[in-house]
Amino acid sequence: MVRVRRETVVGILVTSLPLLLAALVASLFFPGSGERLVTLFMINVIAVLGIGIYAGNSGIVSFGHVGFMAIGAYASGLLTINPIVQKTALPHLPDWLAGIGMPFLPALAIALLIVAAVAVLIGIPVARLGGSSASIATLGFLVIVHVVLVASGDFTRGSQTFFGIPRAVDLWVALPFAIAAVAIARAYRDSSAGLKLRASREDEIASTAVGVNVRLHRFVAWVVGAVLAGAAGALLAHFLGAFSPKDFYFNLTFVLLAMLILGGITTVSGAVGGTAVIMVIIELLRKLEGGVDLGAIALPTVFGLTDIGIGIAILVVMYRLRDGLFGVRELDERLSWLSRFAAEAKSAPAETPAPAAATAGTLRVDNLGKTFAGLVALEKADFEVRPGLVTGLIGPNGAGKSTLINSVSGIVPPSTGRVMIDGIDVASLPVHAVPAAGLARTFQNIRLFRNLTVLENVTVAASAFKDRVDPRERARQALAEIGLDRFSDRLAGTLSYGAQRRLEIARALALKPRYLLLDEPAAGMNSAETQELMYVLDRIRSKHRLGLLLVEHDLKLIMRLCDVVVVLNKGQQIAIGTPAEIQANPAVVEAYIGRRRSSRQTQPDPLEAGGLMPGAAGLHHPA
Ligand SMILES: Nc1ncnc2c1ncn2[C@@H]1O[C@H](COP(=O)(O)OP(=O)(O)OP(=O)(O)O)[C@@H](O)[C@H]1O
């Protein structure tokens, strides 16, 4: 059973309240034109939320949802059109569609099924795309829908007005639909699926690395958003009673996107607030557009004043507030007293976090190699990572360490070799399936979901598997273990550098891995932060019997923490052994000394400061 959290319910109530108030004020004090305006506001809210479910959560701007509005409007119009009017308006309608004259609600249900079917069909290719290619694809869809509507004159009256639609929608019909749209959009945003899609919006690679199937979640959001847009289109059709294909084209797309972007594309409250602000701007400017006579001053007619005004409003808001009027957090999340009230009682983090999964077996890197367009970045890497042990991976810059980590974690498909865990070749799995095999990782350049809270960052990973533990609870445990639980409600991007690095580790731990790959976890840390990191790594390794694969330039850390060290140089694995053996290995010393000689000719050697050079702390020159 889907469980809706108290925060979500409070959020829905807070966001719906202004809708209810607007409806009451309009019907009590401004019957007639005021009521019509607020009805239009409700319909716009539904359409903007439809776009926002996909665009806001995935970060991909959609130009295509107005196409779904058009499909909803024409489908429901055809099913409900008065049979007598239809004989004149659509004389060539095929017999199976003629004279249906259905009531509004069943027609709406059928129209939404049609919209959903089209959305599924189009969503399959669109969900594979990201960024601007996806946006262009959605634009293509809008153009196709428009052309088909204009070309299908027997069904739509072509570019002429389609009329005779029963006016079944007024303020009190539109209001419950708008509230339902708010509830759907907010419940989706707060759900595990919505959180995962928002994580992919922040960083697609990091989200797949914590088990998010980005395509699947984009597809779901696309279809749900399309159905909401289709409902908005049908409501608009039954509110206006007459429309034409140009009413569902670029102009409407521009206005709806302006509403979403101005309010804040990532939140439901932003969608509602942005719709209200843009509608007020439109109403004010429309009055001025035709020219105004103020007695002594007569303002001339200004063509396009409304669109210019919307454009300027977006520019001004974006200049001051990059994330829109409402920012990246919901209104109720920003009101601390409200979020305290909404927050469910948090159980104290369990003393003993959930144990890691079974610890049998090893991670076997088997003859792994990677070639980039002829450049051999890695060749024949061959070693094991054992549970409960720390395996270090060192080598000069460009040695192939990151390539190895990326190949092992599935982000870069290897050219040769395998990565075996329990008989499964992990490197051949889709990236989002790798965590389920027991492997988690952190990144050389921190890859957090910056606009999600610390708790949400870890919850994305904790939701990768279904078990009896609530993902948020598991996330809290992982944060407590890493000492970040007091920052749970902060946005990840606002943490200090060292805390961000530790948050990446907490996020990886929430996947309950058996093996954890850490790509330069101490990079950029000061010595106190590095010291604390060493302590944390040692603790989690022994507590969970984790097999750690640690890439580091900080060689003191490597020598102190590692049980086994693998050395790469120019893509080749040149040595493997205990820290003592590695320190005594002439090939390793030569690789570093060779590098020191060449780099000394140009600049001071950073490795010397790191302590690997002979005579420095950590590695001693072989006797
Ligand atoms: N995507 C890529 N396309 C082409 N060449 C690449 C790519 N990624 C890495 N390389 C090359 O592969 C070699 C190994 O790079 P890699 O980043 O794995 O080394 P590294 O040991 O991690 O270095 P550093 O310590 O500087 O991070 C380098 O010559 C690098 O330029």
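**Exercise 1. Ala-229**

Decide whether Ala-229 counts as buried or exposed, and find its contacts.

*Solution.* Start with the count: Ala-229 has 32 C-beta neighbours inside 10 Å, so Ala-229 is buried. The cut-offs are 20 or more other C-beta atoms within 10 Å for buried, 12 or fewer for exposed, and in between for partly exposed, with C-beta atoms placed from the backbone. Please keep in mind that this is a predicted model, where local features need pLDDT of at least 70, side-chain atom pairs count only at pLDDT 80 or more, and totals for chains, interfaces and linings use all residues. Residue numbers start from 1 along each chain as its sequence is written.

Next, place the residue: Ala-229 belongs to helix H11. Helices (H or I, at least four residues) and strands (E, at least two) are DSSP runs, numbered from the N terminus.

Then list the partners. Beyond its neighbours within four places in sequence, Ala-229 is in contact with Ala-47, Gly-50, Ile-51, His-65, Phe-68 and Met-69. A contact here is a pair of residues whose C-beta atoms, placed from the backbone, lie within 7 Å. For a pair further along the chain, try Arg-157: 72 residues separate Arg-157 from Ala-229, and their C-alpha atoms are 22 Å apart.

**Exercise 2. Ala-55**

Work out in which helix Ala-55 is found and what Ala-55 is in contact with.

*Solution.* Ala-55 sits in helix H2, which covers residues 33–58. With 28 other C-beta atoms within 10 Å, Ala-55 is buried. Setting aside neighbours within four places in sequence, its contacts are Ile-60, Val-61, Ser-62, Leu-260 and Ile-265. As a distance check, Ala-55 and His-65 lie 10 residues apart in sequence, and 9.9 Å apart in space from C-alpha to C-alpha.

**Exercise 3. A helix pair**

At what angle do helix H8 and helix H11 pack, and which residues make the contact?

*Solution.* First the geometry: H8 (residues 171–190) and H11 (residues 214–240) pack at about 170°, and their axes are 11 Å apart. The axes are lines fitted to C-alpha atoms, for helices over the stretch in contact, and angles run from 0 to 180 degrees between N-to-C directions. H8 is therefore roughly antiparallel to H11, a label for angles over 145 degrees.

Now the residues. H8 brings Ala-174, Phe-177, Ala-181, Ile-184 and Tyr-188, while H11 brings Val-224, Leu-228, Ala-231 and Leu-235. Sorted by class, this contact has 9 nonpolar, no polar and no charged residues. For this sorting, Ala, Val, Leu, Ile, Met, Phe, Trp, Tyr, Cys and Pro are nonpolar, Asp, Glu, Lys and Arg are charged, and the others, Gly among them, are polar.

**Exercise 4. The nonpolar cores**

Find which residues touch the most other members of the largest nonpolar core.

*Solution.* A nonpolar core is a set of buried Ala, Val, Leu, Ile, Met, Phe, Trp, Tyr and Cys residues joined through C-beta atoms within 7 Å. The largest one has 98 residues, and those touching the most other members are Met-42, Val-45, Ile-46, Leu-49, Ala-178, Leu-228 and Leu-235. H11 gives the most to this core, with 16 residues. Zoom in on Met-42: not counting residues up to four places away in sequence, Met-42 touches Leu-19, Ala-174, Leu-175, Phe-177 and Ala-178. There is also a second, separate core of 84 residues, including Leu-546, Ile-558, Val-565 and Tyr-592.

**Exercise 5. Helix H18**

How many residues of helix H18 are buried, and what covers them?

*Solution.* Of the 9 residues of H18 (residues 454–462), 9 are buried, so H18 is largely enclosed by the rest of the structure. Glu-456, Asn-457 and Thr-459 are among the buried residues. The cover includes helix H9 (192–202), helix H10 (204–209), helix H19 (471–482) and helix H20 (497–509).

**Exercise 6. Two lysines**

Where do Lys-380 and Lys-570 lie, and what is the phi of each?

*Solution.* Recall that most residues other than glycine have a negative phi. Lys-380, in strand S4 (residues 375–385), has a positive phi of about 50°. Lys-570, in the loop between strand S11 (564–569) and strand S12 (572–577), also has a positive phi, near 50°. For exposure, Lys-380 has 14 C-beta neighbours inside 10 Å and counts as partly exposed. Lys-570 has 15 such neighbours and is partly exposed.

Note on methods
Angles under 35 degrees count as roughly parallel, over 145 as roughly antiparallel, 65 to 115 as roughly perpendicular and the rest as oblique. Two residues are in contact if their C-beta atoms, placed from the backbone, lie within 7 Å.
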